Amino acid sequence: MIYQNYRGDFLIVEKFYRDRQKQEQVPVPEHVRVNYFTGRREGVFVAERNGDWCRSCEVSDDGMSLLVYVPLSRIPIGRGELMKVVTEISEDVNFPSGEKYVPVPQKTGIILYDGISDGSGEVLSESVLSLVLHGYSAYELAVQHGYEGTEEEWLESCSPDLTGIEKSIAKLMDEVFPLSFGSFAGGGSYEMGTSVVPSISWTLSRKGEEVSPDSATVDGSDDGVADDKKSWTAREPVSSDVSHTVKVSAGATELSRTASWRFLFRKWWGVSGKAELSSDDVLDFPSSQLASGRALSSSSFDCTGGRYVYYVLPEELADGLECWIGGLRNSDLVMTPLEVTNQYGVAHGYMVIRLNEMQTGVLTIEFR
């Protein structure tokens, strides 16, 4: 075994063979992909050759080795034994996509750990491109153990159960080409007093191609799920915070994701010639947004002719608020409680923050 630091960069020199005995090295395939990962499944690093195009690798001058640059300082994949799945891709009209993928899982002989890396940072790794094992056929072995019929009779007597094989292939495909959400839309933030009918839409993807879901539920039920299992709509509108969890499966893989709807009060800011504001005055400010937090990034306040600077936000967010003007903190603030009724008729307690003195000119102000 060769030991490499799990956050250190190094070079893997991949050499390819057609059998496990590794009797004769073959050139780098024209189309090959190598997925590297550890048993912890904390990440996957992919090197790929597709003709003259290479990702995270290059072909040696003699065409016999694939030089893979593994940047673990930027793409960590965890600690433990480094595994790989080598997939050779070739054209084959017998497959729906017109391409045949032959993935072969194997070990690299490398351990990723916390310590100092061995050697010079260059590691030789040998890859098998196929699992063809040369030896006796099943019929020949049966004859050696006493079977007396013909090969045709032997084949007719066999009733293979492919379930285990199919499951193994499905598991391997999930590792090499993991299922993921191609898109997911749902949830959002809305103002208090409004209502919305929650809806979620999604697609599944594998190998960059869309996959049709086999099943889909939201919060454990298929009520409201569309026939194509790609969207869901609630039966009733909501006007308070709520979350819904989608679970979608395709083959042996199930994915889940949660969408949340939040209802927030609004906050306002602007300038006024008035030293005190009413609820209607606050609603007249042209600048506002949903108050997901108390901070207001650097904003321009035009106080030309003499104006007061105002920042109005829900009172529960106002504690500890700081005002910064031109990079300097200003603590000369007047803070006044006020009940504000928004355009949807919902009243809430607010804190009206005003710079104590009337300002002139254009100011850049930040609230933290």
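**Salt bridges and a buried glutamine**

Me: Is Lys230 buried, exposed or partly exposed?
Reply: The relative accessible area of Lys230 is 24%. Buried means under 20%, exposed means over 50%, and partly exposed lies in between (1.4 Å probe, protein chains only). Therefore Lys230 counts as partly exposed.

Me: What kind of model is this, and how are residues numbered?
Reply: The model is predicted: local features need pLDDT of at least 70, side-chain atom pairs count only at pLDDT 80 or more, and totals for chains, interfaces and linings use all residues. Side-chain values use heavy atoms, with hydrogens and water left out, and residues are numbered along each chain as its sequence is written, from 1.

Me: Which residue forms a salt bridge with Lys230?
Reply: A salt bridge puts a side-chain nitrogen of Lys or Arg within 4 Å of a carboxyl oxygen of Asp or Glu. For Lys230, the closest N and O atoms are 2.7 Å apart, and the partner is Glu210. The two sit 20 residues apart, with Lys230 in the loop between strands 16 and 17 and its partner in strand 15 (a strand is a DSSP run of E, at least two residues, numbered from the N terminus). At 52% relative accessible area, the exposed partner is Glu210.

Me: How many salt bridges are there?
Reply: The nitrogen-to-oxygen rule is applied to side chains. The count comes to 12.

Me: How far apart in sequence are Glu191 and Arg266?
Reply: Their side chains meet in a salt bridge, 3.1 Å from N to O. Glu191 lies in strand 13 and Arg266 in strand 20, so the pair ties together parts separated in sequence by 75 residues.

Me: Which residue bridges to Arg49?
Reply: The salt bridge of Arg49 has its closest N and O atoms 3.2 Å apart, and the partner is Glu30. Arg49 is in strand 5, while the partner sits in the loop between strands 3 and 4, 19 residues apart. Arg49 is buried at 11% relative accessibility. The partly exposed partner, at 44%, is Glu30.

Me: With which side chain does the side chain of Gln4 make a polar contact?
Reply: Gln4 lies in strand 1 and is buried at 2% relative accessibility. A polar contact is a pair of N or O atoms within 3.5 Å; within protein, one must be able to donate a hydrogen and the other to accept it, and residues adjacent in sequence count only if both atoms are side-chain atoms. Beyond neighbours within four places in sequence, contacts of Gln4 (heavy atoms within 4.5 Å) include Phe10, Tyr113 and Val123. At 3.3 Å, the polar partner is Ser117.

Terms used. Helices (H or I, at least four residues) and strands (E, at least two) are DSSP runs, numbered from the N terminus.
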